[in-house]
Amino acid sequence: MLEIKHTLCPSCSVGCGINVVLNDGEIVGTFPYKRHPVNAGKNCLNGRNSIDCYLNKFEDVDVEVLIGDVKKELQSADASNVTVICSGNNTIEEIEAIKNFAESNGFNIGFYADNLKNYDEVASYDDVENAEKLFVIGDLLYENPLIGRRIVHAKQNGAKISAFVKAESSVTSNIADECFNASVGEFLDACKDSIDESSIVIFNQIDDADDLTKIEALGCKILPVFSKSNTKGALNILDAKSKDEMFDLLDNTKVLLVFNDDIADELEFDFSKISKIISFAPCASKTTEISDIVIPIKTWLEKDGSFVNAMGETQTFNAAIESDVLSEIEVIDKLN
């Protein structure tokens, strides 16, 4: 029997709704959710492929034995040399549990947000669609297509589009009135005299912290778009570390606990310097490949939770399918 369950796409911070299709209780595909206010039934390729993690999830293992092994590692370690990693892949509820777990045990906590930061006031998606001038940093039409759709609508409404994209050709540059590819800082310097209160700067990347300072000084609306679904939610709870701060933290780490993040894919760090790497993950990644212990956890399709999207809206979702696999919160409860 076919069933359709509504949930949220976990692919980036746009916060699109997505339906998953179940056949005889097993997830087999996705289907557009026409009434969702963010994406109105459109889903990008990343969204449509977001069920792959569930389809390729780890097989059942003796989790109790593995959790016992982790507890032994933590009991024998100096707390100051233990680092816990979380990310925008975690729900609000999970991040709060991870933070409490780290703080109560005296562990370090690392959270990397692509060198971006939190802002209390950001432009809405409707603001983007109705803007007179858009200054776009990053290939948003390719990397965040449902935000890109709002940028295209703005263009159709007569907005001028200025874009910085590192590649000489990109999807975003195809619709831009002017395009730059030297550096984010030079792009902002070149455009600053054209930016006013009718402008929006929308970005999913920067080169360094100085770029954020320049963006903040422009006096216009801004919208950072994050690569992970709940990075903004995480930023409301934790302070993100810069890339250099993450390297310093990892240099002083002997036991690394990674909660549902592929930190080995994000940071060019020699992880062989860390004595013990423990991953809590639903499916294989570069980080699980280098881990000494891997504990399977629920995929987002198997749990309830909430994400905060790029424009600051908290969105809740429910499990699309039942599962006996432990959630991150349940794992933490067993470790405490």
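The exercises below work through two sheets and one helix pair in a predicted model.

**Exercise 1. Describe the open sheet that contains S1, S2 and S3.**

Solution.
Step 1. Start with the order: the three strands run S1-S2-S3.
Step 2. Next comes the sense of pairing, which is antiparallel. Strands of a sheet pair through backbone hydrogen bonds, either parallel or antiparallel.
Step 3. Find the edges. Strand S1 (2-8) and strand S3 (26-31) each pair on one side only, and these are the edge strands.
Step 4. Add the twist, which averages 35° from one strand to the next.
Step 5. Look at one pair in detail. S1 and strand S2 (residues 17-23) are joined in the antiparallel sense by seven bridges. Thr7 has Ile18 in S2 as its bridge partner.

**Exercise 2. In what order do the five strands of the other open sheet lie, and which helix packs on this sheet?**

Solution.
Step 1. Write down the order of the five strands: S8-S7-S6-S9-S10, with parallel pairing.
Step 2. Mark the edges. Strand S8 (178-180) and strand S10 (221-224) are the edge strands, as each pairs on one side only.
Step 3. Give the turn between neighbouring strands: 15° on average, with direction ignored.
Step 4. Take one pair. Strand S6 (residues 133-137) and strand S7 (residues 160-164) share five bridges in the parallel sense. Within this pair, Phe135 has Ser162 in S7 as its bridge partner.
Step 5. Place the helix. Helix H7 (residues 145-156) packs on the sheet and touches S6, S7, strand S9 (199-203) and S10. The direction of H7 makes about 145° with that of S6.

**Exercise 3. Helices H4 and H14 pack at an angle of about 20°. Classify the packing and list the residues that meet.**

Solution.
Step 1. Identify the helices: H4 covers residues 92-105 and H14 covers residues 328-335. Their axes are 9 Å apart, and the angle is about 20°.
Step 2. Apply the cut-off: angles under 35 degrees count as roughly parallel. H4 is therefore roughly parallel to H14.
Step 3. State the handedness: H4 passes H14 in a left-handed crossing.
Step 4. List the contact. From H4 come Glu93, Glu94, Ala97, Ile98 and Phe101. They meet Glu328, Ile329, Ile332 and Leu335 in H14.
Step 5. Sort the residues of this contact by type: six are nonpolar, three are charged and none is polar.

Technical notes. Residues are numbered from 1 along each chain as its sequence is written. This is a predicted model: local features need pLDDT of at least 70, side-chain atom pairs count only at pLDDT 80 or more; totals for chains, interfaces and linings use all residues. Side-chain values use heavy atoms; hydrogens and water are left out. Axes are lines fitted to C-alpha atoms, for helices over the stretch in contact, and angles run from 0 to 180 degrees between N-to-C directions. Helices (H or I, at least four residues) and strands (E, at least two) are DSSP runs, numbered from the N terminus. Angles under 35 degrees count as roughly parallel, over 145 as roughly antiparallel, 65 to 115 as roughly perpendicular and the rest as oblique. A crossing is left-handed if the near helix is turned anticlockwise from the far one by less than a right angle, and right-handed if clockwise. Contact means heavy atoms within 4.5 Å. Ala, Val, Leu, Ile, Met, Phe, Trp, Tyr, Cys and Pro count as nonpolar, Asp, Glu, Lys and Arg as charged, and the others, Gly among them, as polar. Two strands pair if DSSP finds at least two bridges between them.
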